[in-house]
Amino acid sequence: MMIISSGPRRLLIAVVSAVAALVPFYSAHAEMSAWADNEGGRMRLVALAPDAGGKIRAALQIEPKPGWITYWKEPGNSGIPPQITIAAASGVTLDAIAYPVPKHFFNGAIEDIAYDAPVTLPLSLTAAGKGPVTIDAAAFIGICKDICIPFQANLQLKLGPAIQSHPQEEAILQAADARLPKPPSQDFDVTAHAMSPDRKTLSLTLVLPSGGPGEGKAAPDIIVTGPSGYAFTKQIGGKRDGAAFRVDIAIGKLPKDYDISGKQWSVLVIDGERAMETTLAFE
């Protein structure tokens, strides 16, 4: 095998054949697939039978081993965001992936937005037909310690009839939903945003929940995601005035000739035990 440099963290890639590079199918005639194992952890697929409209509640469970991390949708300086592909032949489509609140890690020049404990990514799926459903999913994640190891597995799941009760799967999915950031509310929101003419800073005005860090204490953690593959977290001159918090976010290099007009970015704000995610629309 060989080591290939990938930013400040090195990425370990095994030079093997295309077939051997894939972890074999892990299947089950149930609502949970078998676990696929890797040096740094394991993952599996969980799902419930389609509802009357063909909608399927599902999730990818990832369990890093102690000392290892796996990544959020935008990983930071380097790393591999989760990727899930559903085989077209299965008649199932992936509508959306949701991401529980991550942690922000700093190690010298390396900044990671990731999870260092078991995490479950909720999946929204749709089945095209009315008959029995088999989900064929290819999951690809990065799992990292001193090096990042690409972890790819094919996970197959045959879903039983919807009339059956599956309390264990329901509990897993409900727990995953509870860890998602909440939408904006009256006491936790972005009330104004503006990009500087030179596109070097994004000014934000927020209302923060009571009971969070007070005047003179730690600022909230703010993660702004722009074009795919870009995340901005460096705060400049944050000032808290009661519930109001005003701050500039440093915007690093954007894609060449990128036009922000009409675009929508996202922002995740973590203040104490609460987290909120919302959209920033640019005219």
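This report walks through a predicted model of a protein, from its overall make-up to some of its details.

## The protein at a glance

Welcome to a structure with many strands: the secondary structure comes to one helix and 22 strands. The protein has 283 residues, and 45% of them count as buried. The chain also makes many contacts between parts that lie well apart in sequence. Among contacts between residues at least 6 apart, 64% join residues at least 24 apart.

## The helix

A good place to start is helix α1, which covers residues 167-178. Its twelve residues reach 16 Å from the first C-alpha to the last, close to the 16 Å expected at 1.5 Å a residue.

Which residues of α1 are buried? They are Glu169, Ile172, Leu173 and Ala176. These residues lie on the same side of α1 because they cover an arc of only 90° around the axis. On the other side of the helix, Pro167 and Ala178 are exposed. If you look at what covers the buried residues of α1, you will find, among others, strands β5 (41-47), β6 (55-64) and β12 (119-127).

## A hairpin with an enclosed strand

Next, look at strands β13 (residues 133-144) and β14, which pair in the antiparallel sense over twelve bridges. A hairpin through two residues joins β13 to β14. To find one of the pairings by eye, start at Val133: its bridge partner in β14 is Leu159.

Strand β14 itself spans residues 147-159, and ten of its 13 residues are buried, so the strand is largely enclosed by the rest of the structure.

## A four-stranded sheet from β15 to β19

Further along the chain there is an open sheet of four strands, in the order β15-β16-β20-β19, with antiparallel pairing. The edge strands are β15 (189-195) and β19 (235-241), each of which pairs on one side only. From one strand to the next, the twist averages 15°.

Within this sheet, β15 and β16 (residues 201-207) pair in the antiparallel sense over six bridges. Here Asp189 has Val207 in β16 as its bridge partner. The loop between β15 and β16 is the place of Arg199. This residue has a positive phi of about 60° although it is not a glycine. Is Arg199 buried, exposed or partly exposed? At 27% relative accessibility, Arg199 counts as partly exposed.

## A second open sheet

Another open sheet has four strands in the order β18-β17-β21-β22, again with antiparallel pairing. At its edges stand β18 (231-232) and β22, each with a single partner strand, so one side of each is left without a neighbour in the sheet.

Five bridges join β17 (residues 221-225) to β21, and the two strands run antiparallel. In this pairing, Ile222 stands opposite Val269 in β21. The loop between β20 (244-250) and β21 holds Asp257. Asp257 is a residue other than glycine with a positive phi, near 60°. Asp257 is exposed, with a relative accessible area of 69%.

## The aromatic rings

The count of aromatic pairs comes to four. One of them joins Tyr230 and Phe232 in a tilted arrangement, with 6.5 Å centre to centre and 35° between the planes. Tyr230 is partly exposed, with a relative accessible area of 26%, whereas Phe232 counts as buried at 5% relative accessibility.

Trp265 and Phe282 form an edge-to-face pair, 5.4 Å centre to centre with 70° between the planes. This pair links distant parts of the chain: Trp265 sits in strand β21 (residues 264-271) and Phe282 in the segment after β22 (274-281), 17 residues apart. Trp265 counts as buried at 1% relative accessibility, and Phe282 also counts as buried, at 9%.

Which residues do ring pairs link into a cluster? The cluster is made up of Tyr230, Phe232, Tyr258, Trp265 and Phe282.

Terms used: Residues numbered from 1 in each chain as written. Predicted model: local features only at pLDDT ≥ 70, side-chain atom pairs only at ≥ 80, totals over all residues. Heavy atoms only, no water. Expected span 1.5 Å × (residues − 1). Buried < 20%, exposed > 50% of the residue type's maximum accessible area, 1.4 Å probe, protein only. Arc of directions from axis to C-beta. Contact = heavy atoms within 4.5 Å. Pairing = 2+ DSSP bridges. Axes fitted to C-alpha atoms, helices over the stretch in contact; angles between N-to-C directions. Phe/Tyr/Trp six-rings, centres within 6.5 Å; stacked < 30°, edge-to-face > 60°.
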